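Please study the sequence and the structure shown below before attempting the exercises. Each task is followed by a solution in steps.

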Amino acid sequence: MILTSIAILIRILSNSMSNVYQKQLTGKGISPFFINFIMYLGLSILCIPFLTQINFTELSPQVWINAILGGLCGALGNSYLVKALESGDLSVLGPINAYKSVVAMLFGIILLKEIPTILGIFAVFLIIFGSYFIFDTQEEGFSIKLLTRKDIRYRIYALIFTAIEAVFIKNVILQSDITTSFLFWSFFGMVFTFGIVLLRKQASKCKERYVIKRYILIICLMGLMQYSTNFVFARMNVSYALALFQLSTILSVFLGWKFFNETQINKKLIGSIIMIIGGTLLILFN
């Protein structure tokens with residue numbers, strides 16, 4: 001349990017800090033898709049020494065299918081996240097992650113005919129109520145007009161793809177192990193983001209020392225984030241893990257203020273705490 005708690009803490013810290021550096025690079029005009037390609041490429045290179053530890057011929061077709069689909073969803077989810085950070089506030093985009101549990105509930109109603117409990121409905125109310133405090137700090141306020149903003153739409157896309165990705169990652173871990181899942185996540189993420197970069201023709205040749213340092217930090221932090229995520233998934237129900245990962249919301253609000261001088265932090269913190277409570281209730285008790 002101690003190791004799992006440490007892994008959760010590492011995941012929360014590394015994920016939030018990587019978002020800071022990703023946002024800094026997009027501020028330099030670098031494509032979010034290219035940033036993610038470099039991240040996946042760097043991790044794939046670091047994984048090369050571990051290739052000999054994996055017997056690929058013994059892996060079932062299900063492992064490969066889940067790995068490929070997980071890589072695709074991860075590439076899209078991470079790219080849309082960085083795309084959202086390009087123009088949006090970290091202290092606003094971070095808390096939106098609490099809506100992941102609402103998305104999961106809606107898919108459960110539609111696909112599995114799962115009817116939410118009274119507590120589940122109350123949890124959704126808390127998430128919406130908490131998000132009111134967050135979005136009320138924006139020019140559009142808490143309204144449908146928010147969906148006209150690209151950063152909000154991209155963050156929602158990222159939320160959906162990363163929620164689906166978590167299921168595929170869990171399946172790969174159950175059918176193989178943590179290291180294999182991490183290797184596949186890195187490799188297929190690299191392949192799909194490379195395809196996106198080629199299609200969008202958004203490569204970057206920026207070689208400033210500042211940019212290179214940020215690339216290295218992102219590679220290290222995202223590596224820690226994903227490996228610690230896999231470690232937690234191997235020892236805990238995915239739903240429980242996603243609920244605990246929501247604690248990064250508060251850190252995102254603080255980092256948005258610290259690094260990017262984002263305003264109305266107290267109101268955003270109140271909303272974030274309410275959303276975390278709602279998301280946790282929905283995931284754990286619905």
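The exercises below treat the elements, the helix pairs, the cores and some single residues in turn.

The structure is a predicted model in which local features need pLDDT of at least 70 and side-chain atom pairs count only at pLDDT 80 or more, while totals for chains, interfaces and linings use all residues. Residues are numbered from 1 along each chain as its sequence is written, and side-chain values use heavy atoms, with hydrogens and water left out.

**Exercise 1. Determine how many helices and strands the chain has, and what share of its residues is buried.**

Step 1. Helices (H or I, at least four residues) and strands (E, at least two) are DSSP runs, numbered from the N terminus. By this rule the chain has 12 helices and zero strands.

Step 2. Buried means under 20% relative accessible area, exposed over 50%, and partly exposed in between (1.4 Å probe, protein chains only). Of the 286 residues, 53% count as buried.

Step 3. Contact means heavy atoms within 4.5 Å. Taking contacts between residues at least 6 apart in sequence, 86% join residues at least 24 apart.

**Exercise 2. Classify the packing of α1 against α2, and of α7 against α9.**

Step 1. Axes are lines fitted to C-alpha atoms, for helices over the stretch in contact, and angles run from 0 to 180 degrees between N-to-C directions. Angles under 35 degrees count as roughly parallel, over 145 as roughly antiparallel, 65 to 115 as roughly perpendicular and the rest as oblique.

Step 2. The axes of α1 and α2 lie 10 Å apart, at an angle of about 130 degrees. The two helices are therefore oblique to each other. Gln22, Leu25 and Thr26 of α1 make the contact with Pro32, Ile35 and Asn36 of α2.

Step 3. The axes of α7 and α9 come within 10 Å and cross at roughly 70 degrees, so α7 is roughly perpendicular to α9. Here Ala166, Ile169, Lys170 and Ile173 in α7 meet Gln226, Asn230, Phe233 and Ala234 in α9.

**Exercise 3. Describe the largest nonpolar core and state which helix supplies its largest share.**

Step 1. A nonpolar core is a set of buried Ala, Val, Leu, Ile, Met, Phe, Trp, Tyr and Cys residues joined through side-chain atoms within 4.5 Å. The largest one has 47 residues, and Phe184, Tyr215 and Phe233 have the most contacts inside it.

Step 2. Helices that each supply at least two residues of this core include α1 (2-26), α2 (32-47) and α3 (61-87). The largest share, 10 residues, comes from α9.

Step 3. Beyond its neighbours within four places in sequence, Tyr215 is in contact with Leu25, Ile30, Phe34, Ile35 and Ile38. Another core, of 21 residues, lies apart from the largest one; among its members are Leu81, Tyr154, Ala158 and Leu159.

**Exercise 4. Is serine 18 buried or exposed, and which residues does it contact?**

Step 1. Serine 18 is found in helix α1. Its relative accessibility is 0%, so serine 18 counts as buried.

Step 2. With neighbours within four places in sequence set aside, serine 18 is in contact with Ile218, Leu221 and Met222.

**Exercise 5. Locate isoleucine 277 and state how far it is from leucine 126.**

Step 1. Isoleucine 277 is found in helix α12 (residues 265-285). This residue counts as partly exposed because its relative accessibility is 43%.

Step 2. Isoleucine 277 and leucine 126 are 151 residues apart in sequence and 7.4 Å apart in space, C-alpha to C-alpha.
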